[in-house]
Amino acid sequence: MSAMHELLHNLGNTPIQKRAISNHSVLNEAFSYARPVAFSRGMRVDLNGLVVLFISGTGSINEHGATINIGDFPAQLRRVFSNITGLLESEGATWKDVVRTTCYFRDIDRDYEAFNEVRNAFFAEQGIEVFPASTAISAQLCRPELLIELDAIAMFQTAKSEG
């Protein structure tokens, strides 16, 4: 039996446990904006010992909801990494658990080289040897002052609770 088939078999008709995740020390909640938006900063899904974290698109936003490092691509990217690190840590995860990222650029032609420099340095600091799957996309971002936004998916095992 494949691992996925076994997982689905073990889940049966049990509802999937999920809950929103956050870390207010680095990033505010989107619903606290003057014009609230209906999304969570991340979602934790528990699948019988396997935890999957879905981190929403994250920009250079501070704990008060303000865009920071305006006009400074490397500083914005470092804040994005810091914000995502905080969300991961709030659930007991690290960047070593990240299996997928999607990177949204306001101007991919201008900023991709700087992106690779900052990302490579950050991953080296984290001790990451197996890089996550990743896609880079040129996009219009939700705030005109944002130059980069990332989302991430992390996966890790937890010890099964004793019944």
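Helices, in this account, are DSSP runs of H or I with at least four residues, numbered from the N terminus. With that in hand, we can say that A75 belongs to helix α2, and this helix is a good place to start exploring. Keep in mind as you look around that the model in front of you is a predicted one.

Let's begin with the whole protein. It contains 3 helices and 6 strands. If you follow the chain from the N terminus, the elements come in the order α-β-β-β-α-β-α-β-β. Of its 163 residues, 42% count as buried. The chain also brings distant parts of its sequence together: take the contacts between residues at least 6 apart in sequence, and 73% of them join residues at least 24 apart.

Now find α2, which covers residues 73-89. Its 17 residues reach 24 Å from the first C-alpha to the last, close to the 24 Å expected at 1.5 Å a residue. Most of this helix is covered, with 13 of the 17 residues buried. A75 is an example: its relative accessibility is 11%, and buried means under 20%, so A75 counts as buried. A75 also takes part in the start of the helix. D72 caps the N-terminal end of α2, placing a side-chain oxygen 3.2 Å from the backbone nitrogen of A75.

What does α2 meet in α3? From α2 come F73, P74, L77, R78, F81 and T85, and they meet D111, A114, F115, V118, R119 and F122 in α3. When you look at the numbering within a helix, one general idea helps. An α-helix has 3.6 residues a turn, so residues three or four places apart point the same way.

How do we describe such a pair? Two packed helices are described by the angle between their axes and the distance between the axes. Here the axes of α2 and α3 (residues 108-126) come within 10 Å and cross at roughly 40 degrees. The two helices are therefore oblique to each other. Their crossing is right-handed. You can also see the meeting of sequence and space in A75 and V118, which are 43 residues apart in sequence, while their C-alpha atoms are 9.1 Å apart.

Next, step back along the chain to the loop between β3 and α2, where S60 lies. Is S60 buried or exposed? Its relative accessible area is 0%, so S60 is buried. Its side chain has polar partners, too. A polar atom of the S60 side chain lies 2.8 Å from the backbone oxygen of I68, and a polar contact of 3.3 Å joins the side chains of S60 and N69. Leaving aside residues up to four places away in sequence, S60 touches A66, T67, I68, N69, Q76, R79, V80 and L146.

N69, the partner of S60 in that 3.3 Å contact, sits in the loop between β3 and α2 as well. With a relative accessible area of 30%, N69 is partly exposed. Its backbone deserves a look. Most residues other than glycine have a negative phi. The phi of N69, however, is near 65 degrees, a positive value.

N48 also has a positive phi, near 55 degrees, and is a residue other than glycine. You will find N48 in the loop between β2 (42-47) and β3 (50-58). Its relative accessibility is 36%, so N48 counts as partly exposed.

Methods
Residues numbered from 1 in each chain as written. Predicted model: local features only at pLDDT ≥ 70, side-chain atom pairs only at ≥ 80, totals over all residues. Heavy atoms only, no water. Expected span 1.5 Å × (residues − 1). Buried < 20%, exposed > 50% of the residue type's maximum accessible area, 1.4 Å probe, protein only. Polar contact = N/O pair within 3.5 Å; in protein donor to acceptor, adjacent residues only side chain to side chain. Axes fitted to C-alpha atoms, helices over the stretch in contact; angles between N-to-C directions. Parallel < 35°, antiparallel > 145°, perpendicular 65-115°, else oblique. Left-handed = near helix turned anticlockwise from the far one by under 90°. Contact = heavy atoms within 4.5 Å.
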